Amino acid sequence: MTQPALGLLSSAIVMAVALGFISLFDFGTFAGWIAFVMLGLIPMQVVAVVLWGGNPAFASGLRQPVKGIVLVLVTVIATAVISPLVFLTVGEGAAPPGPIPSHYVIIVVPTTFWLAIMMGGWPFNRVSSNPIVSGLVTLIASYVVTYVIFRIFFNYDFMQGAPVYLQSAPKGMFNGVSALVFYVTALAVMFLVLCFDLWPLTSSPAVMKQPVLGIVWTVIALIGAAIAISVGVNGAGADPMAFLTEVTAPFIFGSIIVLNMLGNSLFARMTQPLKGVMNTIAAAAVGLVLANLYVSLVPMVTGPLPSGPPGYEREIWLANALLSVTFPFLIYHAVFFGFWPLVRTSSEKPVARV
């Protein structure tokens with residue numbers, strides 16, 4: 001089996017498994033503990049896929065499915081160490097995890113993508129030539145950098161008086177929900193650049209060197225997010241949470257399918273920028289279709305959930321179903337397990353772009 005059929009079949013199987021997993025929990029448990037823990041898996045997963053190439057030295061000699069199991073266990077161990085620390089510090093140990101610590105673990109993910117993909121692991125790959133060591137340093141830095149950003153830019157004064165409010169909550173520059181939507185939208189812009197295979201940045205060798213590439217790419221992501229929020233939220237008047245679940249999250253999810261699960265194969269014969277345009281259209285279309293499919297299955301999987309303020313239950317469910325559960329499951333199968341058992345050899349490998 002070759003791409004794109006391989007990626008389509010794998011995606012369908014993994015999505016069915018993910019929805020089955022979600023169905024095991026009521027909404028409160030899923031949106032609380034389950035999403036919190038699942039989000040904790042992703043930063044280590046990004047490091048393993050991007051900086052370790054999905055093939056670190058300690059697992060490179062293993063055959064599937066043992067190799068995949070070992071790599072999954074690495075992310076579980078990392079989460080078992082880090083998530084309790086986040087829960088006790090950012091979350092003040094208040095169970096179940098509320099919006100404030102949940103927002104923190106959400107934005108750790110874009111930060112890890114930024115350091116691993118956009119910055120290429122710089123400057124932490126200068127610390128050690130051993131990718132295992134530099135990857136772990138990058139992982140730790142992701143949480144530290146995120147905490148600084150969280151304290152400076154996120155503000156939760158609007159939650160004062162609510163049971164979920166924490167005394168240690170940041171009192172930064174922007175409304176916490178708005179800041180969250182902006183930060184995740186910047187990640188979507190990162191995927192947009194990947195749809196174009198970094199064109200036109202690739203035309204300049206000087207730009208393609210770190211840290212220049214990371215700086216330029218970061219500026220593009222921030223400007224792109226600002227434009228998207230200005231048009232969608234400020235201009236069109238969309239609710240920020242609605243924008244997150246109807247635009248940002250579906251595009252990220254669709255990009256994962258198109259670029260990673262399908263190995264960037266749909267328009268492989270095209271050249272840039274046409275390939276990028278087609279990838280972008282495909283990512284947006286696939287993401288919207290799958291997001292709507294997930295929404296249609298909410299009553300069957302979890303039970304009826306209200307949409308919109310004040311609880312935004314359906315929006316929270318959708319964002320977590322797509323990006324907190326299905327996304328890591330997809331990467332587990334495509335990269336850690338190398339599409340096993342659909343592929344028995346190493347000839348079909350996804351592009352390590354999570």
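In the predicted model, a salt bridge joins the side chains of Lys275 and Asp197, with an N to O distance of 3.1 Å. Lys275 belongs to helix α9 (residues 274–301), whereas Asp197 is found in the loop between α6 (176–195) and α7 (212–235); the pair therefore ties together parts that are 78 residues apart in sequence. Lys275 has a relative accessibility of 10% and so counts as buried, the limit for this class being under 20%.

The count of salt bridges comes to 2. Besides the pair just described, Lys171 forms a salt bridge with Asp157, in which the closest N and O atoms are 3.2 Å apart. Both Lys171 and Asp157 lie in the loop between β1 (154–155) and β2 (174–175), so this pair links parts that are 14 residues apart in sequence. Asp157 has a relative accessible area of 34% and is partly exposed, because this class covers values between the 20% limit for buried and the 50% limit for exposed.

The packing of two helices was also examined. Helix α1 (residues 5–22) and helix α8 (residues 240–261) have axes that come within 10 Å and cross at roughly 135°. The two helices are therefore oblique to each other, since an angle has to be over 145 degrees to count as roughly antiparallel. The crossing of α1 and α8 is right-handed. On the α1 side, the contact involves Gly7, Ser10, Ser11 and Met15, which meet Phe253, Ile257 and Met261 of α8. By residue type, the contact of α1 with α8 comprises 4 nonpolar and 3 polar residues and no charged ones.

Methods:
Residues numbered from 1 in each chain as written. Predicted model: local features only at pLDDT ≥ 70, side-chain atom pairs only at ≥ 80, totals over all residues. Heavy atoms only, no water. Axes fitted to C-alpha atoms, helices over the stretch in contact; angles between N-to-C directions. Helix = DSSP H or I, 4+ residues; strand = E, 2+ residues; numbered from the N terminus. Parallel < 35°, antiparallel > 145°, perpendicular 65-115°, else oblique. Left-handed = near helix turned anticlockwise from the far one by under 90°. Contact = heavy atoms within 4.5 Å. Nonpolar A, V, L, I, M, F, W, Y, C, P; charged D, E, K, R; others polar. Salt bridge = Lys/Arg side-chain N within 4 Å of Asp/Glu carboxyl O. Buried < 20%, exposed > 50% of the residue type's maximum accessible area, 1.4 Å probe, protein only.
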